[in-house]
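Trainee: I'd like to learn how to read a helix pair and then the overall fold. Could you walk me through one case?

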Amino acid sequence: MPHEVRGVVAKSRGAKVSIETVVVPDPGPGEALVNIQSCGVCHTDLHYREGGINDDFPFLLGHEAAGIVEEVGVGVTDVGPGDFVILNWRAVCGECRACLRGRPWYCFETHNATQKMTLQDGTELSPALGIGAFVEKTLVHAGQCTKVDPAASPAAAGLLGCGIMAGLGAAINTGAVTRGDSVAVIGCGGVGDAAIAGAALAGAAKIIAVDVDDRKLEWARGFGATDVVNSRETDPVEAVRALTGGNGADVVIEAIGRPETYEQAFYARDLAGTVVLVGVPTPDMKIELPLLDVFGRGGSLKSSWYGDCLPSRDFPMLVDLYRQGRLDLDGFVTETIGLDDVEEAFAKMHRGEVLRSVVLL
């Protein structure tokens with residue numbers, strides 16, 4: 001029978017979130033019911049609340065989560081009751097043209113639960129990124145559940161479900177950072193710092209953190225930045241070049257999503273270097289670059305969506321690195337909060353006071 005639980009809902013554009021009773025169906029074929037243990041407060045949830053994604057209100061917010069599978073539907077074999085899982089919003093289909101070409105991280109037909117969670121009056125909810133995890137229990141497609149080591153802290157492991165994976169993957173998967181590379185990361189919030197951590201894991205020799213906030217730059221040092229540049233005080237392009245023998249970095253990762261910082265990334269890279277855009281721009285933003293410079297500088301201009309990750313491959317590996325003490329996921333958790341504190345967590349995030357607030361349930 002359906003489950004009635006507490007969840008965080010955004011009912012209209014720009015309005016404060018509210019705690020509502022959410023009705024969660026039993027899992028149908030291919031679905032899983034998950035008891036949520038933790039969920040990070042991500043900028044994407046704020047974009048949903050503000051109507052920046054679409055207008056399919058009301059939204060059940062939250063997506064960067066870990067929990068325990070309670071029940072699965074018919075045909076589910078990869079996970080079962082009692083499994084500790086990280087939720088993902090890229091449940092690959094295995095059948096689309098990307099999957100069949102051996103590139104499942106580009107899957108064009110990703111899965112979500114078929115059934116809808118609702119309010120008590122029957123109003124259907126739109127789950128953020130097909131998950132909806134600011135709630136005591138959620139219903140997802142079983143492919144959105146990736147089983148990992150249950151000894152991992154839920155507050156830390158759940159962060160791999162979105163922002164931390166996006167940053168790590170931008171460095172390791174998309175940017176293909178390798179031993180001895182020089183890397184610059186523009187924007188040192190949670191995603192940018194994760195890119196710095198990823199570059200450090202990959203063996204980069206020099207990792208340059210760029211931001212306008214000295215506090216964030218200090219955080220970046222903690223995740224492996226070898227040099228920091230306050231771009232409010234110094235031209236970041238010239239600073240990155242000066243720190244790389246006048247050449248520019250091998251890989252520059254833009255983790256803000258703004259035209260001016262993307263242009264800085266473009267010119268801060270070495271000839272034949274790589275630019276990776278992982279910051280999310282708004283629909284109205286445009287970039288203008290001399291086409292001759294695009295041609296003449298060579299290299300690669302890439303975008304990284306979810307860090308080009310394959311959850312079944314990447315999540316268990318990264319949790320193992322965390323358990324070995326080689327990846328400091330705990331360092332991203334600025335505070336732990338309850339469901340009632342999500343609105344204030346949005347405000348703290350907007351003010352740049354936290355890397356991640358994490359809801360514990």
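**Reading a helix pair**

Mentor: Sure, and keep in mind that this is a predicted model. Start with the axes: helix α7 (residues 236-243) and helix α8 (residues 259-268) approach within 9 Å, and their axes cross at roughly 25°.

Trainee: What does that angle make α7 relative to α8, roughly parallel or roughly antiparallel?

Mentor: Angles under 35 degrees count as roughly parallel. The crossing here is roughly 25°, so α7 is roughly parallel to α8.

Trainee: And is the crossing of α7 and α8 left-handed or right-handed?

Mentor: Right-handed, for this pair.

Trainee: Which residues make the contact?

Mentor: On the α7 side you'll find P236, V237, V240 and R241, while α8 brings in Q264, Y267 and A268. Sorted by class, the contact of α7 with α8 has five nonpolar residues, one polar and one charged.

**Reading the whole chain**

Trainee: Zooming out, how many helices and strands does the protein chain have?

Mentor: Eleven helices and 18 strands.

Trainee: What does the radius of gyration tell me about the protein chain?

Mentor: Compare it with what a compact globule would give. For 361 residues that would be near 21 Å, and the protein chain has 20 Å, so the two agree. As for the box, the C-alpha atoms fill roughly 65 × 40 × 40 Å along the principal axes.

Trainee: How many of the residues are buried, as a percentage?

Mentor: Buried residues account for 55% of the 361 in the protein chain. Sequence separation is worth a look too: take contacts between residues at least 6 apart in sequence, and 69% of them join residues at least 24 apart.

Key
Residues numbered from 1 in each chain as written. Predicted model: local features only at pLDDT ≥ 70, side-chain atom pairs only at ≥ 80, totals over all residues. Heavy atoms only, no water. Axes fitted to C-alpha atoms, helices over the stretch in contact; angles between N-to-C directions. Helix = DSSP H or I, 4+ residues; strand = E, 2+ residues; numbered from the N terminus. Parallel < 35°, antiparallel > 145°, perpendicular 65-115°, else oblique. Left-handed = near helix turned anticlockwise from the far one by under 90°. Contact = heavy atoms within 4.5 Å. Nonpolar A, V, L, I, M, F, W, Y, C, P; charged D, E, K, R; others polar. Rg over C-alpha atoms; globule rule 2.2 N^0.38 Å. Buried < 20%, exposed > 50% of the residue type's maximum accessible area, 1.4 Å probe, protein only.
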